Amino acid sequence: MRPDSPTSGERKMAEDVKEESVAADDDSELLAEDGSLNAAVEEEGGCFLLRRMEICVAEAEKRSGKNAVNMQETFTVYLIETRPLDAVAEGRNPAPDSLWRRYSEFELLRSYLVVTYPYIVVPPLPEKRAEFVWHKLSADNMDPDFVERRRVGLENFLLRVASHPVLSNDKILYHFLSEERDWKEVVYETGFQAKADSRLRALSATFRVRNTDKRFMDMKHYSDELQSHISQLLRARARVADRLYGVFKVHGNYGRVFSEWSAIEREMGDGLQSAGHHMDAYAASIDDILEEEEHYADQLKEYLFYAEALRAVCRKHELTQFELEVASQDLISKKHQREELATGIVRTFSLKGMTNKLFGQEAPEQREARLKLLEELIAEGEDAVREKTAECEEHVERAWVDMERFEEQKDKDLREALINYAVMQISMCKKGIQVWSNAKECFLKM
């Protein structure tokens with residue numbers, strides 16, 4: 001079932017963007033006269049994309065077709081609609097540009113963003129298959145209710161990316177939103193896959209790095225704890241939903257009994273039948289309540305998946321720091337070799353030192369050639385260390401800025417989600433009180 005109104009998080013994001021777009025009205029001339037958003041993206045690199053266009057994932061559609069190995073498959077596609085905000089501000093209402101995307105295309109976009117911006121906590125995608133479900137909720141990824149929640153999650157992902165100060169200016173993102181046919185070719189032409197760090201390298205760096213920044217160590221530990229706590233909260237919520245569903249549905253038995261009883265009573269019949277109707281309505285209300293709860297659960301799941309995005313940034317720091325340490329150690333080793341070769345004093349055990357003792361020193365010409373080669377290698381090593389140092393420092397600086405931005409966003413979003421969840425629970429309890437108050441009035445009239 002698709003709700004008629006957007007979630008509170010979507011509404012808040014849209015309101016924030018509208019406020020920001022007012023400040024950007026003076027720059028609206030940057031848009032082409034035909035309303036083209038491409039001109040705005042290219043001419044104004046420092047502007048959030050969401051200030052220039054409305055973005056929504058309007059609907060989902062089930063389709064069938066043949067996959068890469070010529071096998072028939074059923075899949076879901078999502079309709080993305082975009083509209084230039086300047087046209088809306090001027091009172092015009094042009095038809096939105098639209099295109100269809102599969103979930104796998106969203107995955108490709110996010111993979112590109114993760115590799116291209118390793119210092120960014122890239123927003124996560126909604127789950128591909130349902131997790132932490134209570135027993136009456138389908139875990140089928142083609143279930144209409146699940147597809148609808150994923151539609152909302154995919155829209156939220158695009159809004160997050162399009163409002164990010166860095167990600168929103170990426171040209172590939174614009175291609176994703178505007179070019180239906182050749183978008184994948186444009187992505188692959190960037191060569192982002194060749195830049196991706198292998199998991200084995202990242203794992204090796206995690207265990208071998210020595211001087212990682214303590215802030216990143218703490219953030220990595222925090223992401224593990226955050227994931228653990230939200231997982232426990234979602235499991236607890238699923239158990240409560242199971243029991244709550246049973247309690248509400250049992251009230252339907254009250255309704256059935258009161259209705260059957262009313263048939264044999266003259267004076268009490270009307271009161272019993274009215275009370276039975278109230279109980280039936282109460283039992284049926286749990287379906288809508290738990291459906292609304294799923295939207296709050298999805299907001300928690302977003303931050304469950306954000307934990308992995310945090311760890312990815314921390315792993316990249318570990319890898320760059322490890323590469324710096326390896327380059328530094330290699331440079332130190334080369335300098336030791338140069339010193340030993342220049343002085344003829346071997347301070348550490350080496351196969352070359354043993355060979356010299358057994359067969360005598362090498363000729364002066366050989367020694368000079370080796371010294372010259374070492375000087376070249378040392379110069380290259382110094383360049384590599386400077387490059388790795390700059391890369392590491394840049395990653396630390398940029399990553400920490402984005403982590404602080406994420407921290408502020410997380411605190412705001414989770415606070416709002418938990419408050420709204422509490423308000424919903426209070427409303428549900430009040431509804432129960434009202435049902436029994438109504439039943440009491442029915443009994444008093446008998």
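# A tour from Cys-56 to the ring pairs

Start by selecting Cys-56, which counts as partly exposed at 24% relative accessibility. Keep in mind as you go that this is a predicted model. Now jump to Cys-392: this cysteine is buried, with a relative accessible area of 5%. How many disulfides does the structure hold? The count is 0.

**The whole chain**

Zoom out and colour by secondary structure. You should find 13 helices and 3 strands in the protein chain. The chain has 446 residues, and 43% of them are buried. If you switch on the surface, you are looking at about 25200 Å² of accessible area, with 53% of that area belonging to carbon and sulfur atoms. Contacts are worth a thought here too: taking those between residues at least 6 apart in sequence, 76% join residues at least 24 apart.

**The largest nonpolar core**

Next, select Leu-109, Leu-158, Leu-177 and Met-403. In the largest nonpolar core, which has 57 residues, these four touch the most other members. Which helix gives the most to this core? Helix α11, spanning residues 269-343, contributes 9 residues. As a general point, nonpolar side chains in soluble globular proteins tend to be buried together.

Stay on Leu-158 and show its surroundings. Setting aside residues up to four places away in sequence, Leu-158 touches Ile-55, Val-57 and Ile-80, along with Phe-106, Leu-109, Phe-176 and Leu-177. There is also a second, separate core of 18 residues; to find it, select Phe-248, Tyr-296, Met-424 and Ala-439, which are among its members.

**Aromatic pairs**

Two of the residues around Leu-158, Phe-106 and Phe-176, lead to the next stop. The structure holds 14 aromatic pairs. Phe-106 and Phe-176 make one of them, an edge-to-face pair with 5.1 Å from centre to centre and 70° between the planes. Phe-106 sits in helix α4 (residues 103-116) and Phe-176 in helix α6 (residues 171-178), so their pairing ties together parts that are 70 residues apart in sequence. Both of these phenylalanines are buried.

Move on to Phe-258 and Phe-443. Why is this pair edge-to-face? The ring centres are 5.7 Å apart and the planes stand at 75°, and an angle over 60 degrees counts as edge-to-face. Phe-258 belongs to helix α10 (residues 214-262) and Phe-443 to helix α13 (residues 364-444), so this pair links parts that are 185 residues apart in sequence. Are the two rings' residues buried or partly exposed? Phe-258 is buried, at 12% relative accessible area, whereas Phe-443 is partly exposed, at 30%.

Now go back to Phe-106 and add Phe-157, Phe-176 and Trp-183 to the selection. Ring pairs link these four residues into a cluster.

**Arginines over rings**

Keep Phe-176 displayed and add Arg-101. This arginine lies over the face of the Phe-176 ring, at 4.9 Å from the ring centre. For another arrangement of this kind, select Arg-63 and Trp-100: the charged end of Arg-63 sits over the Trp-100 ring, 4.7 Å from its centre.

**Arg-129 in its loop**

Select Arg-129 next. Where is Arg-129 found? Look in the loop between α4 and α5, the latter covering residues 144-162. Add Asn-141 and compare the two positions: Arg-129 and Asn-141 are 12 residues apart in sequence, with 5.3 Å between their C-alpha atoms. Leaving aside neighbours within four places in sequence, Arg-129 is in contact with Asn-141 and Phe-146.

**Ser-223 and Arg-201**

For the next stop, return to helix α10, where you will find Ser-223. Is Ser-223 buried or exposed? Ser-223 is buried, with a relative accessible area of 0%. Beyond residues up to four places away in sequence, Ser-223 touches Ala-307, Leu-310 and Arg-311.

Finish with Arg-201, which is in helix α9 (residues 199-208). Arg-201 is partly exposed, at 38% relative accessible area. Bring in Leu-319 as well: Arg-201 and Leu-319 are 118 residues apart along the chain, yet 7.6 Å separates their C-alpha atoms. What does Arg-201 touch, not counting residues up to four places away in sequence? Select Leu-319 and Glu-323 to see these contacts.

Conventions:
Residues numbered from 1 in each chain as written. Predicted model: local features only at pLDDT ≥ 70, side-chain atom pairs only at ≥ 80, totals over all residues. Heavy atoms only, no water. Phe/Tyr/Trp six-rings, centres within 6.5 Å; stacked < 30°, edge-to-face > 60°. Helix = DSSP H or I, 4+ residues; strand = E, 2+ residues; numbered from the N terminus. Buried < 20%, exposed > 50% of the residue type's maximum accessible area, 1.4 Å probe, protein only. Lys NZ or Arg CZ within 6 Å of the ring centre and 35° of its normal. Contact = heavy atoms within 4.5 Å. Areas by Shrake-Rupley, 256 points an atom, 1.4 Å probe, with all protein chains shown as cover. Core = buried A, V, L, I, M, F, W, Y, C linked by side-chain atoms within 4.5 Å. Disulfide = S-S within 2.5 Å.
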